[in-house]
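Trainee: I would like to go through this model and ask what its descriptions rest on.
Mentor: Go ahead, with the structure in view.

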Amino acid sequence: MVGFVLFFAWLGFGGDLIAYLATDNPDPGSYHHVFPWLGIVLTSVAIIMAWYSYKKGPENVLWSTGAWEVIDPQDDRERQLVNVVEEMAIAAGLPRPRIWIVPDADPNAFATGHEPRDSHVAVTRGLLTLCNRDELQGVIGHELGHVKNLDVRLMTTLAALVGVVVLLGDGMGRVMWRRRGGRSKGRSGGGALVAILLVLWIISWILAPVVTQLLAVAVSRRREYLADAMSAQFTRNPLALAGALEKIEQADAPTAAITRGAAHLCIVDPLGRRLTNQEGWLADRLATHPPLSMRISRLKGMGYAELKKEDGPFTSSALG
Amino acid sequence: MWVLLVVVVVAVAWMIGAYNGLISLKNRTINAFKQIDVQLKRRHDLIPNLVNAVKGAMDFERSTLEAVVQARNVAMKAEGVKQISQAENALSGALSRLLVTVERYPELKATGNIGQLQEELASTENRIAFARQHYNDEATQYNTKQQQFPTTLVAGLAQASPTDLWEIEDQAERAVPQVDLSRR
């Protein structure tokens, strides 16, 4: 998070620093850049844009997936979904989130919103047909874990920031091109340091979208394990979520309805799971989710520890 | 002199924080306890529907149905944690007996109404269990906080006292569902 702030400060005020150094010559008459107007303008534009996309974020995500809200459940599966969500909300001590169904055959689920009081849980049609009651409960527990940890707010914020940086980067690129064409001749040389800083600054703007996305991904990946653990805490049945993840792993079609922007919100990466299932440095940097096999084995570890503690094969799932 | 002032300010600030933390934990615990009541009420409201739905089809299982209705009436009148938990456990036993009986009537299960009611009942039982679990989690957190040093120093000020966890006290009642299952 500190890296994030520093990176944004560099994007905003780095330009002013360069201008300050470049115009820092002893001539009394010439222009000296002291007031960081560039940074302030950029920051205020960014804040307004980020605020807007933060406010509209959950709405946009739900809209882009084509989800519809379950208000009056029509069939048994929908009724069960509503019941399971309400049960998990009780277990988590949260208000009942709004429930959405995404018309997609691939099993997946995600949560979004700003705070627990105003949160949304969406599951795909495929998840409803594939999972039994216990497994559905595990998945919903995972999503409500995200809600309880305030991950939904964090993710909405990150998505807003990524979006703003991409847009601003685009705008800055255009401004810089025009500047360079117009009056590049009139500049007095400010030394090697200034030139290096300028190049670095421009490169940062070019790389900004990628860097912010990588940072967002790193945050989201760590949160997945935590949400899995929360789900186990709510249901006291980690093996059910492990079972659900195994089933989802086998249904390896990408979730067509969920696009890149919402990928980090989902229980499993909707863009196919090939990358997610690899371990190693590169996969660690690029995937929004930890490897499914790792998550499943951790959940199973929790489940077997519980069995051992209870001294026998009787869990709630074994009985029910 | 200044050092003393800083120490006092820090101590007061910490006390306010710890006091408020305890109060919010206390209220969360109370709220979690009320949630159990809400869910128990839901179960009571559900039972007449269930009984009406199966009444016609299982006329000769009258005793099972009556046991459920009776247990509900007792549970609705119960007062105090101990009495409530006993009555509700008896109701749980009667309900699980009824569900086992319903399983024996495939034609009853085939009508959509019963399947729906079974789902509702299963969900209600889950809700009650989860509400208790949540209450126990909150109460444990509250109890731990007020007993731990240094928060324990302001526990008296916040009028915090350890709350009971919800548990099934009677060993015989704990065994009730298993007895029912074996009787099948």
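Trainee: Why are E2(A) and strand E4 (residues 118-124) of chain A called paired?
Mentor: Two strands pair if DSSP finds at least two bridges between them. E2(A) and E4(A) are joined by 5 bridges, so they count as paired, and they run parallel. One of the bridge partnerships is A:Ile99 with A:Val121 in E4(A). Bear in mind that this is a predicted model.

Trainee: What makes strand E1 (residues 68-69) of chain A and E2(A) a pair?
Mentor: The requirement is at least two bridges. E1(A) and E2(A) have 2 bridges, so the requirement is met, and the sense is antiparallel. A:Trp68 stands opposite A:Ile101 in E2(A).

Trainee: Why is strand E2 (residues 98-102) of chain A described as largely enclosed by the rest of the structure?
Mentor: A residue is buried if 20 or more other C-beta atoms lie within 10 Å of its own. In E2(A), 4 of the 5 residues are buried, so the strand is largely enclosed.

Trainee: What share of chain A as a whole is buried?
Mentor: Of the 320 residues in chain A, 38% are buried. The secondary structure of that chain comes to 11 helices and 4 strands.

Trainee: How do you know that contacts in chain A join residues far along the sequence from one another?
Mentor: Take the contacts between residues at least 6 apart in sequence: 71% of them join residues at least 24 apart.

Trainee: What is the corresponding percentage for chain B?
Mentor: In chain B, among contacts with a separation of 6 or more, 74% are between residues 24 or more positions apart.

Trainee: Which secondary structure elements does chain B have?
Mentor: Chain B has 8 helices and 0 strands. Its pattern along the sequence is therefore α-α-α-α-α-α-α-α, since a strand needs a DSSP run of at least two residues and none is counted. Buried residues make up 26% of its 184 residues.

Trainee: What makes a residue part of the contact between the two chains, and how many does each chain give?
Mentor: Two residues are in contact if their C-beta atoms lie within 7 Å. Chain B gives 14 residues and chain A gives 9 residues. On the side of chain B that touches chain A, helix H1 (2-55) and helix H5 (112-147) of chain B each give two or more residues. H5(B) gives the most, with 11 residues. By type, that side of chain B divides into 3 nonpolar, 8 polar and 3 charged residues.

Note on methods:
Residues numbered from 1 in each chain as written. Chains lettered and ligands numbered in written order. Predicted model: local features only at pLDDT ≥ 70, side-chain atom pairs only at ≥ 80, totals over all residues. Buried ≥ 20, exposed ≤ 12 C-beta atoms within 10 Å, placed from the backbone. Nonpolar A, V, L, I, M, F, W, Y, C, P; charged D, E, K, R; others polar.
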